[in-house]
Structure formats: structure tokens, C-alpha cells
Amino acid sequence: MAQRRTIALLLVAPALAMVLALFVYPLGYSLVSAFTAKDGQPTFANFTKTFDLYGTDIVFTVVIVAISTALSGVLAAAIGGYLVLGAHPAAVAMLKWLYRWPLFIPFIVAAQCMRTFLAKNGMLNNTLDALGLVNAASLSGLLDWRGIIVTFVWKETPFVALLVSGALASLDRAAIEAARNLGAGGLRILVEILLPQVAGVMAVGLVLAFVTMLSVLSVPLMISGGSRTMITADMAFRVNSYSDYGVANALGFVSYLIAGSAAWLYLRRIVASEATR
Amino acid sequence: MKAALGWLWRGSVLGVLAFAIFGPLANLLLWAVAIQWYFPYKLPLTYGFRYWGEVFKPTSDAFASLATSIVIAVFTVAVCLLLAVPAGYALGRRLVPGRGLLMLIMLLPQAFPSVAIYLNIARLFYMVGLNGTIAGVVLVHAVHGLVIAVWIAAAAFAAVDVELELAARNMGATGLRTALTVTLPLAAPGLIAAAIFVFLESLDEFTGTYFVGVPDVTTLPLMMFNASLAGNYQIAAITALILLVPSIAFMLLVERFLNTEMLAKIG
């Protein structure tokens, strides 16, 4: 038995070693160098410098990612809700076919699509102009923080919607019919009966979307080139232009904290819902 | 009348959604077949496939980076499967103590914001001469793909009926022969799915390559990025379309499996 265990551990060991060497070790390395000066002494100077130079970008990043996550959640709930409650099979089928497309499109391609679509002379402005809704010549395009949000929501909504609609489909339909018989409308059934039951799945989807947005470098680099940008782009800039690993890693530490706080909110929710049970 | 109004309403919402989803892709398609297009013209002035010729001629950068991307993706799949098949077997069959913790550790690379990780890997690789090499990029892609590969492989091996293996052993097959002729073929669909996932992830990967690949390894996403920033939108659009082909093909392939009933089981 002990011998079988040893063999089993040997089977897992190479994969584990890979993760330790190429993820855990660099992670530790980044944490240490965030608190180390160029001469090797422990310091907080990297953080002082980081908040001086990139304080607004940090706030900017949190706001962008929070708004994008919230919008993805609302849209995903609407899509999932219509897929379960929609009274017209044709409309439901169309929506089901439509909403998944961005899921499989790589971020880098999505960024390139949006870089042209949201530009001053992009298809968005031109279409609105052709419909007579706006005058394209007076518009400036959305290639700044708004463009980043649009791209993130475009890319992450299908993912969250897929998880949520899967969870919604597995719920007991009797409660829906009962509420309908008592005269409740679709929106009310969705918000008061269905969403509370899938809150856990929704939260997992949103946390994963949140962390993904904090990891994507191509979107801020390609969408908001010159203007204020996200800390992911700042990290790349710090390393490429100044080889300043101290500040880059301090920004990295901030990104772990932001991701960690999202995960913490999620865990606290679980604990709270366990307590009320 | 009421029904007609209802369809007008549903039609407009679906129409706006369709425009939001396909508009950006249509804009990309237009750039891929545009030759001349500048402000203030709403549509390209001249159309044609001249830039396609440029992208697909054997001496082009795009062709070279496509080859680089495919080589890297193939090696990444090989590395991932070599590591994930034994690990997935041990984890899927619950042979190891602390299985939950091990699965959690395997999940870590997907749970952290990765930019800071990659720039430190690049720094470490620089010290050992792995920066700017195919091997370095393969390693970075592999550690990212390993999560999916191990999880899928574990599920695939857990689903193989142990009775069938015991039957083979009873009839005198050796352990190795049983593994090769019974266990692996039964787990193969799951392992193939893992391989496709890892292949696509590697093909589309940008951030890790951006830090570790410079200056010598240019994959297709990197080449597309450079073309886009340099304002070569036609080249960027055509390259983006090449990247889209495997992703869309995969979507149509998994369409059958990605139904809500199956997802309900996961959730």
C-alpha cells in the first residue's frame, strides 16, 4: 500500500514540480522584489513610488474592472433569464445562438475588432450616423476607458451567461409556474425567485471574469494606447522602458490584492449563506 | 396588433444584440478585404485581396509566425499531456493522499492575475538563457495549459470503469498492456478534448509570449499586435482572421456538448 502511494506521488510529481517552478516560485519572487530596493535592502520605496506615479491608474483599474464585472453580471442575468422564461421559442433559440459567439474569440482578436469598431471612424459611429442618431464628425470614438469596458463586457458576458443559464436550467420549474399563477411578471420571477437560487454560480463566474480582466494585457495596450490606462499596461511599460522591476512588482502586488479582495467578498458571501442555512 | 408590437420589441432587442456581437467582427472582415480606407469615408474606397497575398507569401513575417505558433502549440500539447496523463490518472483514481490540496495547487495559475507572474518568469528565464527561445515560450504556455489538462484528464480517468481493467488483468494481461489497451483508449476522448483546449490556449496566448518570447520568438498573436500598433490594419485583420478559424471551428465542434443540460451537471 505504501509502495502504491509512492508510485502515485511519483505520477503527480512532475506536474506539481512544473507548477511550483513556473508559478509558485515566480509568485514568491515577485512578492519579495516588490519589497526590495535595487541594492537588495528591504524597503517600502517601491510602493511610495508606485502610488505617486500610478495611484490614479490603480483607482482607474478598480473602477474599470468593477463596472465591467457588474455589467457582465446584469447582462448575463438578463440573457439567462430570457432563456428560461422567454415565452417565444423562436426568440429564445435566436438568443441562444447569438450570445455565445464572443466566448470562443481570443482576447487579442477581440481587442483588434474593437480597436476598429469603436474608433472615431469605426462601424459603431458610422452606423449611428447613418441611422441619423448622431453626427459622426462630432464624435471622438470610444478608444479609452470606455472601450476597455466595452471589450471586457463583450468578451466576459457570454462566459457568465453560460454558467448562469446552465444553473437556471437545472432549477425546479414548479416555483416558476406557481409564481406565474399568482400573477408575478417575468422580471419579478427572475429577480426574486430564480437569481437568489443561482447566486453561488453567478458569484463564481463573476470572480473568474474579474480575475481574467486583471490578467489581460492586450486589451488595455490596444484599446487605450495614449490615454490613462490600467496597471497591467503600466507593469509592461515599467519593465520594457525602465527595467524597473521594483515598481512593476509593487503594481503586481496591488493586482493580487485587488483580485484577492474580490475572492474574499465571494468567500464571505459563502460563509454568510452557510450561517443563515 | 399586440403580438406585432411584441415582435417589434423582441426584434429590436435581438437586432441591437446581433449588431453588438457581430458589428466588431464585421468591421474586422471589412479591414481584411479593404485596400484603401481612410477618414471620413464610412466604407473602404477599394476592395481586394492584395494584402492576403502579402500575408500568405512564403517569405512573409505572418507565415513565419504562423509556423512558430503551430510549433509552439504542438510542443505545448506534448509537454502538457506528458505531465497531465500520469498526474490525472493518480488524481482521478484517488491514489494520492491530499488530493484536494493538490488539485487546488494545480488551479493556482488560473486564479492569480498573471501579468506580474509572467514578467518575473521572463526575468528568471533571462538568467538561464531561456528568454527569447521556443523552449521558454513552450514552458510558459504549458504551465498555463496544465491546469485544464490535469483537471480534464483526472475526470476522464475517474470515468473509466475499473471492472474492465480487472477483467483484462484476470485474463492475464500485464499492467502495462492493460493500461495501453484498456485504460488509455477508454480515457482517450477526454484526453483529446484536453489536447484541443491546450492547443487553442497556446495558439491565442499573448501576455506570456510578450514577456518571455522577446525579441526572437514572434507568434501569430504577437505579430498581429505589432501590425495593429503600427497601423497596418489590413495585415492585423487578416492575421486575426487566421487566429479565429481554429476557435470558431472548435466552437461549432463543441456546440453539441455545450448544451445547458451538461452544464447543469457541472454547476
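**Exercise 1. Burial and fold of chain A**

Task: Work out what share of chain A counts as buried in this predicted model, and describe the fold around that share.

Solution:
- Step 1. Start with burial: 46% of the 277 residues of chain A count as buried.
- Step 2. Next, take stock of the secondary structure. Chain A has 12 helices and zero strands, and its pattern along the sequence reads α-α-α-α-α-α-α-α-α-α-α-α.
- Step 3. Add the dimensions: the C-alpha trace of chain A spans about 75 × 70 × 35 Å along its principal axes.
- Step 4. Finish with the contacts. Taking those in chain A between residues at least 6 apart in sequence, 74% join residues at least 24 apart.

**Exercise 2. Where the chains touch**

Task: Find how many residues of chain A are in contact with chain B, and say which helix of chain A gives the most to that side.

Solution:
- Step 1. Count both sides: 66 residues of chain A are in contact with 71 residues of chain B.
- Step 2. Look for the leading contributor on the chain A side. Helix H1 (residues 2–34) of chain A gives the most, with 17 residues.
- Step 3. Sort the chain A side by residue type, and you get 47 nonpolar, 16 polar and three charged.

**Exercise 3. The largest nonpolar core**

Task: Identify the residues that touch the most other members of the largest nonpolar core, then trace where the core draws its residues from.

Solution:
- Step 1. The largest nonpolar core holds 160 residues, and those touching the most other members are A:Val164, B:Ala84, B:Leu146 and B:Val150.
- Step 2. Ask which helix gives the most to this core: that is helix H6 (residues 134–159) of chain B, with 16 residues.
- Step 3. Check the domains of chain B. Domain 1 (2–48) and domain 2 (60–266) each supply at least three residues to the core.
- Step 4. Zoom in on B:Val150. Setting aside neighbours within four places in sequence, B:Val150 is in contact with A:Ala15 from chain A, and with B:Ala84, B:Ala87, B:Gly88, B:Leu91 and B:Met106.

**Exercise 4. Two domains of chain B**

Task: Determine how far apart the C-alpha centres of domain 1 and domain 2 of chain B lie, and describe the contact between these domains.

Solution:
- Step 1. Set the bounds: chain B is divided into domain 1 (2–48) and domain 2 (60–266).
- Step 2. The C-alpha centres of these two domains of chain B lie 34 Å apart.
- Step 3. As for contacts, four residues of domain 1 of chain B meet six residues of domain 2 of chain B.
- Step 4. On the domain 1 side, helix H1 (residues 2–33) of chain B gives the most, with three residues.
- Step 5. By type, that domain 1 side has four nonpolar, no polar and no charged residues.

**Exercise 5. Helix H4 of chain B**

Task: Test the length of H4(B) against its expected span, then find the kink and the packing partners.

Solution:
- Step 1. At 1.5 Å a residue, the 13 residues of H4(B) should span 18 Å. The end C-alpha atoms of H4(B) are 18 Å apart, so the two agree.
- Step 2. Follow the axis: H4(B) has a kink of about 25° at B:Ile105, shortly before the proline B:Pro109.
- Step 3. Pick out buried residues of H4(B): B:Leu102, B:Met106 and B:Pro109.
- Step 4. See what the buried residues of H4(B) pack against: H1 of chain A, together with H3 and H6 of chain B.

**Exercise 6. Backbone details in loops**

Task: Place A:Ser243, B:Arg94 and B:Pro215 in their loops, and state what is notable about the backbone at each.

Solution:
- Step 1. A:Ser243 sits in the loop between helix H11 (231–242) and helix H12 (245–276) of chain A. Its phi is near 50°, a positive value in a residue other than glycine. A:Ser243 counts as exposed because it has 10 C-beta neighbours inside 10 Å, and the cut-off for exposed is 12 or fewer.
- Step 2. B:Arg94 lies in the loop between helix H3 (61–92) and helix H4 (99–111) of chain B. B:Arg94 is not a glycine, yet has a positive phi of about 55°. With 11 C-beta neighbours inside 10 Å, B:Arg94 therefore counts as exposed.
- Step 3. B:Pro215 belongs to the loop between helix H9 (207–212) and H10 of chain B. The peptide bond from B:Val214 to B:Pro215 is cis, with omega near -5°.

**Exercise 7. B:Ala230**

Task: Decide whether B:Ala230 is buried or exposed, and locate it in chain B.

Solution:
- Step 1. B:Ala230 lies in the loop between helix H10 (220–229) and helix H11 (233–254) of chain B.
- Step 2. There are 10 other C-beta atoms within 10 Å, so B:Ala230 is exposed.
- Step 3. Compare with B:Thr183, 47 residues away along the chain: the C-alpha atoms of B:Ala230 and B:Thr183 are separated by 51 Å.

Technical notes
Residues numbered from 1 in each chain as written. Chains lettered and ligands numbered in written order. Predicted model: local features only at pLDDT ≥ 70, side-chain atom pairs only at ≥ 80, totals over all residues. Core = buried A, V, L, I, M, F, W, Y, C linked by C-beta atoms within 7 Å. Buried ≥ 20, exposed ≤ 12 C-beta atoms within 10 Å, placed from the backbone. Helix = DSSP H or I, 4+ residues; strand = E, 2+ residues; numbered from the N terminus. Domains from an automatic or database assignment. Contact = placed C-beta atoms within 7 Å. Nonpolar A, V, L, I, M, F, W, Y, C, P; charged D, E, K, R; others polar. Expected span 1.5 Å × (residues − 1). Bend = angle between axes of the 7 residues up to and from the residue.
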